[in-house]
Amino acid sequence: ISSCVFSRKRVLTIQSLVLIILSFSNRSAHYSASTFLSKCTKKIGAICYDVCSASALTQARRKLSYTCFNLLNDFILKYRYNGTLRIKKLYDYKIIAIDTSWIRLPNSEELLNYFGTFKNQAIKNVPGAKMSMVYDVLNKQILHATLGKTFMNDVESCLGHLDAIEVGKSILLFDRGYASLRLIIRLMKGNTRFVIRFTKTWAKLIQLAGDSKDECIVLKKGYRYKIKNKKLRLEEDITLRVVKIMLSSGEEEVLITNLIDSEQFSTKDMYKLYGMRWGIEEGFKTLKEGLNIEKLHSKSVNGVLQEFYAKVLMYNLNSLLIQTSLQPEIDKKIERQKNKPKHKKQINYTAVINRIRDELVMIFNSPDLENTLLCLKYELIMKVDIVRKDRHFIRGRKNTWSKRSVNQAVTP
């Protein structure tokens with residue numbers, strides 16, 4: 001926050017503080033800090049007890065801006081996409097999903113005034129925030145993320161992402177909350193490819209496609225289209241494609257897209273393409289269950305944003321390791337086998353995240369980093385799960401938040 005802080009030689013240097021925040025788990029912040037610093041001390045053969053008080057950790061965190069984690073994350077993304085690493089694409093397009101999710105926050109006046117409240121399935125007016133994310137579903141990287149006010153509109157959040165980053169040659173996937181002519185016009189002006197799922201409020205536009213399962217429609221210039229009780233006048237003709245798909249549940253899914261070429265993107269291809277959007281839901285699941293993004297240790301805005309962007313950074317670090325090193329090793333091992341396994345195998349993200357979080361000291365303080373990483377790599381390769389194709393579960397609705405997730409915060 002200030003150029004004068006972290007200038008003296010103390011136990012909590014800025015490097016140690018950043019790594020401590022990255023290593024936060026379900027335990028208290030003080031426990032994580034003491035464990036981390038004890039491991040650092042044992043590296044030089046000493047024994048250390050309570051090397052950092054809770055007050056010292058609190059004061060140090062107040063001096064650290066959350067933007068440092070954004071800068072570190074930008075460095076990781078530049079290394080991932082601008083380097084020599086292989087980038088997965090579909091028809092030479094990156095497949096990017098944009099979506100939002102709620103997270104619950106500790107109950108403090110500062111957080112309530114800044115982020116607001118929302119209603120969940122069990123309690124009304126819960127302190128929380130809206131997490132919005134731009135996610136590369138093929139390479140499993142979070143390209144941009146924000147933690148904003150609960151009343152922030154999904155389309156407004158999306159426009160903020162588009163202002164902040166350059167998506168390049170990509171296909172953007174959106175759920176029903178993003179069905180907006182304003183967003184479509186913005187994407188068309190930027191020559192960005194997109195697929196959006198319709199809502200019932202778009203019934204008038206769906207009727208333009210008639211009974212056809214795959215039809216192109218033209219929204220005429222100057223016509224005022226009424227969507228969600230709002231009229232929008234078009235400055236030029238817009239050609240869109242409407243694709244209707246019958247799901248296994250019997251529900252009809254209606255997609256709108258500017259991928260007009262039905263030879264390159266058939267109706268079946270559109271179904272598979274939009275199905276890739278589920279990758280961002282898995283990303284939210286890993287953030288919440290694997291990285292415990294709702295188990296916060298602070299009741300201040302800066303402290304909450306510190307931990308949020310630290311979790312995003314940890315996700316991208318682990319995803320980079322898995323996608324460029326661990327998973328290719330698993331795939332090569334399967335290719336060499338004479339008897340191929342029935343099901344595909346993939347690395348368990350949560351197991352890798354927990355292991356890397358526990359070994360941050362070893363990774364950043366090892367005198368023989370290459371050998372340390374090699375040993376860790378062969379250990380992590382054993383943490384695999386079997387992927388069963390077309391496996392589905394009934395989506396349950398239950399309140400998984402415990403009282404501890406709200407009241408456990410110990411550092412402001």
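Reader: Contact means heavy atoms within 4.5 Å, got it. What sort of model is this, and which residues does it take for local features?

Author: This is a predicted model, where local features need pLDDT of at least 70 and side-chain atom pairs count only at pLDDT 80 or more, while totals for chains, interfaces and linings use all residues. Residues are numbered from 1 along each chain as its sequence is written, and side-chain values use heavy atoms, with hydrogens and water left out.

Reader: OK, the big picture then. How many helices and strands are in the chain?

Author: The chain has 15 helices and 13 strands. Both are DSSP runs numbered from the N terminus: H or I with at least four residues for a helix, E with at least two for a strand.

Reader: And how much of the chain is buried?

Author: 46% of the 412 residues count as buried. Buried means under 20% relative accessible area, exposed is over 50%, and partly exposed lies in between, using a 1.4 Å probe and protein chains only. As for contacts with a separation of 6 or more, 67% of them join residues 24 or more positions apart.

Reader: Let's talk pockets. What is the volume of the second largest pocket?

Author: About 700 Å³. A pocket is an open set of points on a 1 Å grid over the protein atoms alone, where a 1.4 Å probe fits, with protein on both sides within 12 Å along at least five of seven lines; lining residues have an atom within 4 Å of a point. Points are joined across faces, edges and corners, and the volume is the space filled by probe spheres set on them.

Reader: Which residues lie nearest the centre of that pocket?

Author: Ile76, Leu317, Leu360, Ile363 and Phe364, out of a lining of 24 residues. By class, the lining has 20 nonpolar, three polar and one charged residues. Nonpolar covers Ala, Val, Leu, Ile, Met, Phe, Trp, Tyr, Cys and Pro; charged covers Asp, Glu, Lys and Arg; the others, Gly among them, are polar.

Reader: Which helix gives the largest share of the lining?

Author: α11, with seven residues. Helices α1, α4, α11, α13 and α14 each supply at least two.

Reader: Stick with α14 for a sec. Which of its residues are buried?

Author: Thr372, Leu376 and Leu380. Looking down the axis of α14, these fall within an arc of 65°, so they line one face of the helix. The arc is taken from the directions between the helix axis and the C-beta atoms.

Reader: What do they pack against?

Author: The buried residues of α14 pack against α11, α12, α13 and strand β12.

Reader: And α4, what span should its 16 residues have?

Author: At 1.5 Å a residue they should span 22 Å, and the end C-alpha atoms of α4 are 22 Å apart, which agrees. The expected span is 1.5 Å times one less than the number of residues. Buried residues in α4 include Cys68, Phe69 and Ile76, and Ile76 is also among those nearest the centre of the pocket. What covers the buried residues of α4 includes α1, β1, β3, β4 and α11.

Reader: New topic: Arg277. Buried or exposed?

Author: Arg277 is buried, with a relative accessible area of 7%. It sits in the loop between α9 and α10. Leaving out residues up to four places away in sequence, Arg277 touches Ala97, Asp99, Leu173, Phe174 and Asp175.

Reader: What about Ile98, where does it lie?

Author: Ile98 is in strand β1, and at 1% relative accessibility it counts as buried. Beyond neighbours within four places, its contacts include Met133, His161, Leu173 and Ile280. Ile98 and His161 are 63 residues apart in sequence, yet 9.0 Å apart in space, C-alpha to C-alpha.

Reader: Which residues that aren't glycine have a positive phi?

Author: Asp92 is one of them, at about 70°, and Asn292 is another, near 50°. Asp92 is in the loop between α4 and β1 and is partly exposed at 45%, whereas Asn292 is in the loop between α10 and α11 and is buried at 11%.

Reader: Last one: what does Lys344 touch?

Author: Not counting residues up to four places away, Lys344 touches Asp385, Ile386 and Val387. Lys344 is in β12 and is exposed, with a relative accessible area of 56%.
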